[in-house]
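Visitor: Could you take me through one part of this model up close? I'd like to start with a piece of sheet and then see what else is around in the chain.

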Amino acid sequence: DLIFADSLSRLGTESAFMVLARASKLAAEGREIINLGIGQPDFQTPEHIVEAGIKALRDGHHGYTPANGLPVLREAVAADLHHRHGAEVNPDNVVVVPGGKPTMFFAVLMFGQPGTEIMYPNPGFPIYESVIKYSGATPVPIRLREENGFAFSAEEVLGQITDRTRLIIINSPANPTGGVTPREEIDKLVAGLMEHPQVALLSDEIYSQMLYHGQEHVSLLQYPEIRDRLILLDGWSKTYAMTGWRLGFAVWPDAAVDHVTRLCINDHSCVNAAAQYAGLAALTGPQDAVRDMVAEFDSRRAVIVAALNDLPGVRCSDPGGAFYAFPNIEGTGMSAMEAQNRFLDEAGVATVAGTSFGAMGEDYLRFSYANSEANIRKAIDRIGAIL
Ligand code: PLP
């Protein structure tokens, strides 16, 4: 028999992909499945971006690019961040990678090893906890509570710092809750971190452009005092409906740029060139498609939150960002996993159990509203019939 490395037993996964596989299997058997499980926009990549990718291929961009990304793309990222957040970013600190996930993996590998601790949001994106465990570091959850709009408490985060803490991961707007952390909490966190100069911060801002009802996005780039240890993660997947292109970027502190570039060279050499040219067109071209998508998500948000709150035993707070609703289903008497399975098997509605996002998601279910308003209404009606 093959003898695999012990580290593999510590590597978790993203259950949304398993739900997707099961939903696809049921659909292949002829069931009509409404997928509210998947975390990707249900829109096509805007046409001018697709055209730029095709043109890059026709123009002969078939080879390697620099490992950290095309200089012209890194300059466009820096200009975009300046435009959106008012922050000065040196293109040399920008590293382009295949999606949002590699930045997470590389940041955790860079700071995590046995004997160290890394904090991460719980409930939160499952890959954080998975890769922390894989690195051998101890995962320390930052508990997110419904009554705080699923924002972290800076006091709690700071209170958990020990001399073994190497990295703190935060995510706003958040997956799976849609929670947006207010400026005061971020101010407090940054102020408190001044006493812990050895602690790095990974701010996952992949949903930075998906905000509703007047919520503002506070980028950690706006705090010059922590730029020497901030890793800012963002990317094209959600904003430009480009999940399958595999394109993301991060801004790294000076001290980490060479390390992450070496990780890129060891891992993937560079991101495929055509995707990088498409990403360039996304940043430098018209932004109407982004505005239209966000407006569409906003009206669906209102529909799904109201419909969920009308279900017996279900209570749903209004998410400020991303495209997820995260209702509390304790009153239905079902566990999160039971609800996920019954809704899929009996109603043909795919959702993801809150426990897929950490132990603290026990009483919750994630609904992605990256689906049409008509399908959302139909899905909630079917669930209502079960309840
Ligand atoms: N960060 C968060 C919070 C996410 O929800 C996701 C995707 O679901 C990612 C990062 C990763 O995105 P990508 O598909 O670009 O790797």
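**A closer look at a small sheet**

Guide: Okay, this is a predicted model, and here's the bit to zoom in on: three strands form an open sheet in the order 9-12-11, and the pairing is antiparallel. Strand 9 (324–325) and strand 11 (352–353) sit at the edges, each pairing on one side only. Follow strand 11 across to strand 12 (residues 365–368): the two run antiparallel and are joined by two bridges. If you want a spot to click on, V352 is opposite R366 in strand 12.

Now for the wider setting. An unreviewed UniProt entry annotates residues 32–383 as "domain: Aminotransferase class I/classII large". Over that stretch the chain is 39% helix and 14% strand, with the end C-alpha atoms 14 Å apart.

Next, a helix pair. Helix 10 (residues 288–309) packs with helix 12 (residues 373–386) at an angle of about 10 degrees, and their axes are 10 Å apart. With that angle, helix 10 is roughly parallel to helix 12. Helix 10 brings R300, V303, I304, A307 and L308 to the contact, while helix 12 supplies E373, I376, R377 and I380. Sort the residues of that contact by type and you get six nonpolar, three charged and no polar.

Last stop, the ligand. It has 13 residues surrounding it, and the closest are G99, G100, K101, N175 and S237. The shell around the ligand splits into nine polar, two nonpolar and two charged residues.

Methods. Residues are numbered from 1 along each chain as its sequence is written. This is a predicted model: local features need pLDDT of at least 70, side-chain atom pairs count only at pLDDT 80 or more; totals for chains, interfaces and linings use all residues. Axes are lines fitted to C-alpha atoms, for helices over the stretch in contact, and angles run from 0 to 180 degrees between N-to-C directions. Helices (H or I, at least four residues) and strands (E, at least two) are DSSP runs, numbered from the N terminus. Angles under 35 degrees count as roughly parallel, over 145 as roughly antiparallel, 65 to 115 as roughly perpendicular and the rest as oblique. Two residues are in contact if their C-beta atoms, placed from the backbone, lie within 7 Å. Ala, Val, Leu, Ile, Met, Phe, Trp, Tyr, Cys and Pro count as nonpolar, Asp, Glu, Lys and Arg as charged, and the others, Gly among them, as polar. A residue is near a molecule or strand if its C-beta atom, placed from the backbone, lies within 6 Å of it. UniProt positions are given in the numbering used here, feature names are shortened, and annotations may be inferred rather than shown by experiment. Two strands pair if DSSP finds at least two bridges between them.
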